[in-house]
Structure formats: C-alpha cells, structure tokens
Amino acid sequence: MDGISLLTITVLAVFVGFEVVSKVSSTLHTPLMSGANAIHGIILVGAIIVAGQATHPWVLAVALLAVVLATANLVGGFVVTDRMLEMFRGRKPDKPAKPAPSETQGETRENTEATR
C-alpha cells in the first residue's frame, strides 16, 4: 500500500473510534476500558519484540518510543479503570469518635458514686 492509502485508513479509524467510544454509556465504559487495557498489553509485548529484533538504530528508536507510549497508555488505562470502579464501591461508615480518656474516667467515677 502506498502512504496515502495508509493515511486515509488511519484517519478513518480515528473518526470511527471516536464516534464509537463517545456513544458508550457510563455503565459499559469500565468493561470497555478493561478490554482496551488487554489490547494495550498485547501492543506492549509486540513493541518489546520489535525492539529486541531491531537491526537499524532508527527502528530501535521507534520501537523504544512505542514501548514507552504503550506502557504509559497501559498504566493510565488501569488507573482510570480503578478510579471508575471506586465510584461503584459503597462508602465506608464513619467510625464513632472515641471519647477522650479524661471524660471516660470522670463518667466512671460518677457512675460508681451514683450506684453506691
């Protein structure tokens, strides 16, 4: 394929991807992010394999850039997924405040004096 065809496919893929992801409801967004994280993990493995087999310095540079970007995307996806799952967890109940030691000693003295 020539460069114009590859560029056309890339631009169309960006537009289709944007339209598909923007129409996803918030309930389905977390599973979608989990699937995207799995895909980025595969991309990271592929970038590492390409970097390991690179013979030219420019191929190695591009492969290492791909490793860095795929790692950042993978970690960012897990951070976003974790934050979104945090929204669905219930709130922890507040613990009752413990009375100060001086208050409990005074109350026990009053209670023992009242019972005598």
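**Surface and overall make-up**

I began with the accessible surface of the chain, which comes to about 9700 Å² in this predicted model, and I noted that 69% of that surface belongs to carbon and sulfur atoms. I then looked up how much of the chain is buried, and found that buried residues make up 11% of its 116 residues.

For the secondary structure I recorded 4 helices and 0 strands, and, reading from the N terminus, I wrote the order of the elements down as α-α-α-α. I also checked the contacts between residues with a separation of 6 or more, and 59% of these join residues that are 24 or more positions apart.

**The nonpolar patch**

Next I asked which residues form a nonpolar patch on the surface. I found Val16, Val20, Val21 and Leu32 in it, and together they have about 330 Å² of accessible area. Helix H1, which covers residues 3-22, supplies the largest share of the patch with 3 residues.

I picked out Val20 for a closer look, since this patch member is found in helix H1. Is Val20 buried or exposed? I have Val20 down as exposed, because its relative accessible area is 51% and the cut-off for that class is over 50%.

**The largest nonpolar core**

I turned from the surface to the interior and listed the largest nonpolar core, which has 5 residues, namely Leu44, Ala47, Val67, Ala70 and Leu74. Helix H2 (26-52) and helix H3 (57-88) each supply at least two residues of this core, and I noted that H3 gives the most, with 3 residues.

Which residues does Ala70 touch, if those up to four places away in sequence are not counted? I found Ile43 and Leu44, and of these two I had already entered Leu44 as a member of the core, along with Ala70 itself.

**Gly46**

My last entry concerns Gly46, which lies in helix H2, one of the helices that supply residues to the core. I asked how Gly46 is classed by its relative accessibility, and the entry reads partly exposed, because the value is 29% and that class lies between the 20% limit for buried and the 50% limit for exposed.

I also looked up the separation between Gly46 and Ala66, which are 20 residues apart along the chain, and their C-alpha atoms are separated by 9.3 Å.

Conventions: Residues are numbered from 1 along each chain as its sequence is written. This is a predicted model: local features need pLDDT of at least 70, side-chain atom pairs count only at pLDDT 80 or more; totals for chains, interfaces and linings use all residues. Side-chain values use heavy atoms; hydrogens and water are left out. Patches are made of residues with over 30% relative accessible area and no salt bridge: like charges are joined within 9 Å, nonpolar side chains (Val, Leu, Ile, Met, Phe, Trp, Tyr) within 5 Å. Accessible areas come from the Shrake-Rupley method with a 1.4 Å probe; for residues, only the protein chains shown count as cover. A salt bridge is a side-chain nitrogen of Lys or Arg within 4 Å of a carboxyl oxygen of Asp or Glu. Buried means under 20% relative accessible area, exposed over 50%, partly exposed in between (1.4 Å probe, protein chains only). Contact means heavy atoms within 4.5 Å. A nonpolar core is a set of buried Ala, Val, Leu, Ile, Met, Phe, Trp, Tyr and Cys residues joined through side-chain atoms within 4.5 Å.
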